[in-house]
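Here is a walk through one protein model, from helix packing to backbone oddities. Keep the structure open and follow along.

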Amino acid sequence: MERLIAPGIWQIDTELGGWTELNAVFLVEGRRPCLIETGPQRDSARVLAALARRGVGAGDLAYVVLTHIHLDHGGGVGEVADQFPQAQVVCHPKGLRHLADPTRLVAAASMVYGERMDSLYGRMAPVAADRLLGAEDMGALDLGDRRLTLVHSPGHAKHHIAVLDDATGVLLVGDAVGVKVPGGGPLRPAMPPDDFDRDLAINSLHKFAALTPSQLVLTHFGPAGEPQQVLSEAEATMRAWCLVAETAFLEEPSVDHIERALLARVYEPAEDPSRQPVVDTLNGFTSNAAGMHGWLLRDRQQLLQNGQ
Ligand SMILES: [Zn+2]
């Protein structure tokens, strides 16, 4: 279902995996409305039904913006683009070729998701190249009576962008600030493979703080509380987790060892036990351990190269 979270901004629950309050897409109303995120391919019928309920006709939608091209955010892009033939599909320039031909993206995702790929997410259908638009950092999208600013925010992924609604000051942050689902415990950083980078991620949090948003909205899931406080908490938690990972990596540079260290040192259970599998499925410790392992390996390679 959908819920109005700010003037003209609807949060649509994609009900990923049959779970509510886990994964969202956002409709920004205007003379030329914009959809931010499409959700996974498996949930596209639900998203399209919600857009129909909001009165968005086939010729109305002007833009579809993906904060990044992970399947929970953009897997349904082909289905949505088909339904709204006037819409331009916007993502960071590094993501465009994968939207035109998702073959490699889907193959890489199936390595990460394994058997959950088809049951939870589905795959991704291509979008015609002439409908794709690369997001410029701090570039704007004109919705007629309001404007969205696109904010390059690498860290979670190199090609991550956030979207600032100039009319309300709401900043839709994708996964750059982390994951916090109702009942699922405190804010967790989201640091998946392949290209998580701590310093870039923390720079992105600082960039968000400088924009003084009125509200931060997480794709997983929803409005996140007092923005500057949430950003400080996100930075502190990310630094703490990365320190645990770095210490473990120096003892034994394996994903398993990092995961065990995280579970021993930073794990906090969900307040509501039924929400534990929900948050663990979407943003589990294995994925975070693997993301930080990759970052630490690249960091070490960099140090070795610089030393030569
Ligand atoms: Zn995500």
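## Helices α8 and α9

Helices α8 and α9 sit oblique to each other, a label for angles that are neither under 35 degrees (roughly parallel), over 145 (roughly antiparallel) nor 65 to 115 (roughly perpendicular). The contact is made by Trp241, Val244, Ala245, Ala248, Phe249 and Glu251 on the α8 side and by His257, Ile258, Ala261, Leu262 and Arg265 on the α9 side, where contact means heavy atoms within 4.5 Å. By class, that contact of α8 with α9 has 8 nonpolar, 1 polar and 2 charged residues. In this scheme Ala, Val, Leu, Ile, Met, Phe, Trp, Tyr, Cys and Pro count as nonpolar, Asp, Glu, Lys and Arg as charged, and the others, Gly among them, as polar.

Before going on, note that this is a predicted model: local features need pLDDT of at least 70, side-chain atom pairs count only at pLDDT 80 or more, and totals for chains, interfaces and linings use all residues. Residues are numbered from 1 along each chain as its sequence is written, and side-chain values use heavy atoms, with hydrogens and water left out.

Now the geometry: α8 and helix α9 (residues 255-265) pack at an angle of about 135°, with axes 9 Å apart. The axes are lines fitted to C-alpha atoms, for helices over the stretch in contact, and angles run from 0 to 180 degrees between N-to-C directions. The crossing of α8 and α9 is right-handed, meaning that the near helix is turned clockwise from the far one by less than a right angle (anticlockwise would be left-handed). In α9, the buried residues are His257, Ile258, Glu259, Ala261 and Leu262, with buried meaning under 20% relative accessible area, exposed over 50% and partly exposed in between (1.4 Å probe, protein chains only). Those buried α9 residues pack against α8 and α11.

## α8 meets α11

Helix α8 (residues 227-251) has a second partner in helix α11 (residues 285-307): their axes come within 10 Å and cross at roughly 65°. That makes the pair roughly perpendicular. The crossing of α8 and α11 is right-handed.

From α8, the residues involved are Trp241, Cys242, Ala245, Glu246 and Phe249, and they meet Phe285, Asn288, Met292, His293, Trp295, Leu296, Leu297 and Arg300 in α11. Sorted by class, the contact of α8 with α11 has 9 nonpolar, 2 polar and 2 charged residues.

## The whole chain

Zooming out, the protein has 11 helices and 13 strands. These are DSSP runs numbered from the N terminus (H or I of at least four residues for helices, E of at least two for strands). The C-alpha atoms fill a box of roughly 60 × 40 × 40 Å, taken along the principal axes. A compact globule of 308 residues would have a radius of gyration near 19 Å, and the protein agrees, with 19 Å; the radius is taken over C-alpha atoms, and the globule rule is 2.2 Å times the number of residues to the power 0.38.

Buried residues make up 56% of the 308 residues. Of contacts between residues at least 6 apart in sequence, 69% join residues at least 24 apart.

## Leucine 282 and helix α4

Leucine 282 lies in helix α10 (residues 276-282) and counts as buried, at 16% relative accessibility. What does leucine 282 contact, leaving aside neighbours within four places in sequence? Leu16, Leu22, Asp72, Tyr121, Val179 and His220. The C-alpha atoms of leucine 282 and glycine 17 are separated by 9.9 Å, although their places lie 265 residues apart along the chain count. Put plainly, leucine 282 and glycine 17 are 265 residues apart along the chain.

In helix α4 (residues 93-100), the buried residues are Gly95, Leu96, His98 and Leu99. They pack against α3 (77-83), β6 (88-91), α5 (103-113) and β7 (132-134).

## Backbone oddities

Most residues other than glycine have a negative phi, and most peptide bonds are trans. A cis bond joins proline 193 and aspartate 194, with omega about 10°; aspartate 194 is in the loop between β11 (170-172) and α7 (198-210). The bond from histidine 220 to phenylalanine 221 is also cis, with omega near 5°, and phenylalanine 221 lies in the loop between β12 (215-218) and β13 (222-223).

As for phi, methionine 138 has a positive value near 65°. Methionine 138 is found in the loop between β7 and β8 (140-142) and is partly exposed, at 41% relative accessible area. Threonine 212 has a positive phi of about 40°. Threonine 212 belongs to the loop between α7 and β12 and counts as exposed, at 58% relative accessibility.
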